[in-house]
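Please open the model in your viewer and keep the sequence panel visible. The tour below proceeds from one selection to the next and explains what is found at each stop.

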Amino acid sequence: MQFFDSFLRCYGWEGAALAAAILLTLGVQLYYYVLVYGRIPSYRNNRRPALREAEPPVSVIVPLFSEDSSFVEERLPLILAQNYPSFEVVIVYVGQDNDFYADLEHLRQSFPQIATTKIHLDPRFPISRKMALNVGIKSAHNECLIFTSTDACPQTDRWLSLMAKGFVRGDVVIGYCGVEYRKGLAGYLMRTWRMMHAADWLARAVRRRPYRGTLHNMGFTKSLYFGVNGFNCLNMNIGEDDLFLQRIMTRDNVSVVLSPRATLREKTWGGAGWWMNRLRYYGSAAQFYPRAVKNFLEWELYSRALFFATVVCALCVMPFEYKIAAAALLAARYVTVAVEVRRLARRLGERAVAGRYFLYDLIGPLWALWLGVLLLRKDERVWR
């Protein structure tokens, strides 16, 4: 009490309120980075009870919406080369090129694990990813399904075996997919944004409060899919990796596969503008998330922005010793964050993230504000 009275005499109620705001927001930040994100590097999925005795045969379903020769020549061979004894790759081609589809079917002579199916593309009746996945699910011969995209590339030949092992302890399996390594600030920010936003849903999943996965690296069983009569939100072209998973996920049926060997990399097709356009498109589903999930996502972002704002205010207007204390708290937060981000990046197979993390740390709230403004306008591409 004596300390508080002395503090009031020196800095007034304004200084006390500013100090309280700094300490409160710092506490929220430390809670997220130490207690929430900090659980990801030490998580072990094998502590969950087993549902199956052995790794099951799996079907990898890949929707193909164009005559993507680079996928067939570069990324498909990496899927076929996976070190797993029993799997098939179901390619759902949506298009009009009969010659391209004939080439896909011809691949079966060399790779018998390939299964192909075709949906004729009619401009009058657009085909969504959900429709393509539904056809792939019905065509698959196995109960356990792994979903990926033509833009995602396995980093090792152990990816499929680790994801399939996840089915031993859950009917829903979620993994991580990063962004390909590119030079420059934009490439770094895209990779870091993907990692830290994946940390949100991975952290919730390891705490048995799952709410989403990633369409590049996830899986579930046929029984779960048909048990809820397939995908929901059919008036939207998005939502299969979040709004649908929220229907089938429970506290006890989700396996989280966390390993650098199970990481995929998504190919990028542009810079910051392309990335923001993509975030706006897929981010349109967030408005339908449960309130608890929205609160979880917003508290970290808002507390970070408020912490920086209050520290800057203290550095600008408060006495010298107050400035030293504020700067010390800022430094302590950043050291803690950098250590935890390095641990997280190592577990997810990312590299060269922690050293420049202060850039993302500062730009992130502004980036999120810009995205929020973009999301105020309805994206017509989302709706059918």
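Helices (H or I, at least four residues) and strands (E, at least two) are DSSP runs, numbered from the N terminus. This is a predicted model, in which local features need pLDDT of at least 70 and side-chain atom pairs count only at pLDDT 80 or more, while totals for chains, interfaces and linings use all residues. Residues are numbered from 1 along each chain as its sequence is written, and side-chain values use heavy atoms, with hydrogens and water left out.

**First stop: helix 1**

Select residues 2–36, which form helix 1, and find tyrosine 31 within this helix. Buried means under 20% relative accessible area, exposed over 50%, and partly exposed in between (1.4 Å probe, protein chains only). Tyrosine 31 is partly exposed because its relative accessibility is 34%. Now add Leu30, Val34 and Leu35 to the selection: together with Tyr31 they make a nonpolar surface patch with about 320 Å² of accessible area. Such areas come from the Shrake-Rupley method with a 1.4 Å probe; for residues, only the protein chains shown count as cover. Patches are made of residues with over 30% relative accessible area and no salt bridge; like charges are joined within 9 Å, and nonpolar side chains (Val, Leu, Ile, Met, Phe, Trp, Tyr) within 5 Å.

**Second stop: the seven-stranded sheet**

Two strands pair if DSSP finds at least two bridges between them. Display the open sheet of seven strands, whose order is 3-2-1-4-8-6-9 and whose pairing is mixed. At its edges are strand 3 (114–120) and strand 9 (254–256), each of which pairs on one side only. From one strand to the next, the twist averages 20°. Axes are lines fitted to C-alpha atoms, for helices over the stretch in contact, and angles run from 0 to 180 degrees between N-to-C directions.

Next, select strand 2 (residues 87–95) with strand 3: the two run parallel and are joined by seven bridges. Within this pair, valine 90 stands opposite alanine 115 of strand 3, and glycine 95 stands opposite histidine 120 of strand 3. Is strand 3 mostly covered or mostly uncovered? Strand 3 is mostly covered, with five of its seven residues buried.

Add helix 3 (residues 98–106), which lies across strand 1 (58–64), strand 2 and strand 3 and runs at about 165° to strand 3. Contact here means heavy atoms within 4.5 Å.

**Third stop: the three-stranded sheet**

Turn to the open sheet of three strands, with the order 5-10-7 and mixed pairing. Strand 5 (152–154) and strand 7 (177–179) each have a single partner strand, so one side of each is left without a neighbour in the sheet. The twist in this sheet averages 35° from one strand to the next. Strand 7 pairs with strand 10 (residues 264–266) in the parallel sense, over three bridges. Select valine 179 and, opposite, glutamate 266 in strand 10.

**Fourth stop: salt bridges**

Keep glutamate 266 selected and add arginine 278: the two form a salt bridge, with the closest N and O atoms 2.5 Å apart. This pair links distant parts of the chain, since glutamate 266 is in strand 10 and arginine 278 is in helix 9 (residues 272–283), twelve residues apart. Glutamate 266 counts as buried because its relative accessibility is 1%; arginine 278 is also buried, with a relative accessible area of 17%. A salt bridge is a side-chain nitrogen of Lys or Arg within 4 Å of a carboxyl oxygen of Asp or Glu. How many salt bridges does the structure hold? There are 18.

Another salt bridge joins aspartate 361 and arginine 333, with the closest N and O atoms 2.6 Å apart. Aspartate 361 lies in helix 12 (residues 357–375) and arginine 333 in helix 11 (residues 320–348), 28 residues apart. Both aspartate 361 and arginine 333 are buried. Extend the selection to Glu300 and Arg304, which belong with Arg333 and Asp361 to one network of salt bridges that share partners.

**Final stop: two positive phi values**

Most residues other than glycine have a negative phi. Cysteine 233, which is not a glycine, has a positive phi of about 50°. Cysteine 233 sits in the loop between helix 7 (222–227) and helix 8 (245–248), and is partly exposed at a relative accessible area of 27%. Lastly, select alanine 352, in the loop between helix 11 and helix 12. The phi of alanine 352 is positive, near 55°, and alanine 352 counts as exposed at 54% relative accessibility.
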